[in-house]
Amino acid sequence: MEIQSNFSLKKYNTFGIEASAKQFVAVHSVDELKTILSANKNEKKFILGGGSNMLLTKDIDALVIHIDLKGKKTIKEDEDFVWVESQAGETWHDFVLWTIDNNFGGLENMSLIPGNVGTTPVQNIGAYGTEIKDTFVSCEAMNIATQEMKIFDNAECNFGYRESIFKNEVKDQYIITSVIFKLTKRNHKINTSYGDILAELAKNNITEPTLKDVSNAVIAIRQSKLPDPKELGNSGSFFKNPILLKSDFEKIHQKFPEMKFYEVSETEVKVPAGWLIEQAGFKGKRFGDAGVHKNQALVLVNYGNATGQEILAVSKEVQKTVFEKFGIQIEAEVNVI
């Protein structure tokens with residue numbers, strides 16, 4: 001392990017923002033992580049996974065520890081289910097494809113989401129009707145201060161919409177090193193409840209979709225709407241879809257009857273943030289090298305040399321305008337550093 005100084009993080013964040021770390025080290029095992037943490041107890045630390053859910057607005061005045069633990073395996077199975085474990089540094093999409101290749105069901109709707117496996121429980125990532133919490137069994141994590149290992153089961157993680165204990169009660173206290181999922185081996189619960197998936201399957205004349213069919217449909221949809229971070233810097237969905245009390249939503253809906261929405265419970269409604277941003281006039285709008293993507297208004301993009309501050313300014317302008325027009329607050333899903 002080599003600790004490097006004044007290290008460029010441009011290749012380590014999917015926005016492609018030029019920012020530097022005071023110090024940087026990549027760790028490839030739990031033992032290496034323990035060694036680095038124990039040897040640098042008094043150093044300020046910044047934990048870096050796949051760099052896909054953050055916006056760097058400044059240099060990182062800390063020791064940046066890049067979690068690069070690799071490996072995935074089956075740990076137990078019965079006739080119906082299989083328990084698989086992935087190390088935190090595995091690329092999420094590659095892991096999803098591995099489960100599909102093995103005919104393990106449960107993650108296919110979350111194909112092509114950027115990032116690494118270790119950060120998926122933090123956000124409780126989700127797409128097209130599924131979330132991490134649906135298949136998550138537990139994760140192992142290291143206490144940054146003591147280097148002790150702890151297992152967090154599903155209930156302990158306090159999963160919510162893009163929320164978990166790791167964003168709240170134990171924020172900045174643990175580093176997730178591996179995650180275990182319980183997936184189906186047969187009688188897969190194919191989830192095609194979203195219209196986009198049904199339309200994509202119909203386009204290909206698929207009436208009885210397999211796990212691979214659903215994954216391919218999701219990949220095609222995401223590729224048609226979302227830019228590839230390798231070609232255009234972005235962090236996927238920048239904003240969360242706001243969830244409103246039905247009583248509040250009904251007042252707004254009377255003024256904007258064309259507003260799209262989804263019922264999430266008897267008392268709550270989810271409104272697509274992308275629709276709000278598009279109606280506010282931002283879809284495809286560019287501000288220098290920062291802007292809003294032309295195909296998906298939820299996505300902010302770096303056209304080349306935008307700074308994190310410039311992208312942050314666009315996000316704030318979007319939030320302000322949406323609130324002024326609709327009276328709805330939209331929150332950033334991306335972590336602003």
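The protein chain splits into domain 1 (4-67), domain 2 (72-225) and domain 3 (233-336), with bounds that come from an automatic or database domain assignment. This is a predicted model, where local features need pLDDT of at least 70, side-chain atom pairs count only at pLDDT 80 or more, and totals for chains, interfaces and linings use all residues. Residues are numbered from 1 along each chain as its sequence is written, and side-chain values use heavy atoms, with hydrogens and water left out.

Take the meeting of domain 1 and domain 2. Their centres, taken over C-alpha atoms, sit 25 Å apart. On the domain 1 side, 13 residues are in contact with 14 residues of domain 2, contact meaning heavy atoms within 4.5 Å. Together the two domains bury about 1100 Å², and 71% of that is on carbon and sulfur atoms; buried area here is the accessible area (1.4 Å probe) that two parts lose on being put together, summed over both. V30, L37 and I67 lose the most area on the domain 1 side, together making up 34% of what that side buries.

As for polar links, four residue pairs are in polar contact between domain 1 and domain 2, both residues at pLDDT 80 or more. A polar contact is a pair of N or O atoms within 3.5 Å; within protein, one must be able to donate a hydrogen and the other to accept it, and residues adjacent in sequence count only if both atoms are side-chain atoms. On the side of domain 1 that touches domain 2, α1 (30-39) and β3 (45-48) each chip in at least two residues, with helices (H or I, at least four residues) and strands (E, at least two) being DSSP runs numbered from the N terminus. The largest share of that side, five residues, comes from α1.

Salt bridges are another story. Zero turn up across the interface of domain 1 and domain 2, while the whole structure has 19; the rule asks for a side-chain nitrogen of Lys or Arg within 4 Å of a carboxyl oxygen of Asp or Glu. One such pair is D80 with R186, whose closest N and O atoms are 2.6 Å apart. This pair ties together distant parts of the chain, 106 residues apart: D80 is in the loop between β6 (72-77) and β7 (81-87), and R186 is in the loop between β12 (174-184) and α4 (195-203).

Finally, the unreviewed UniProt entry lists R162, S237 and E333 under "active site"; such annotations may be inferred rather than shown by experiment. Spread over 172 residues of sequence, they still cluster in space, with a largest C-alpha distance of 11.5 Å. S237 is in the loop between β13 (233-234) and β14 (243-245).
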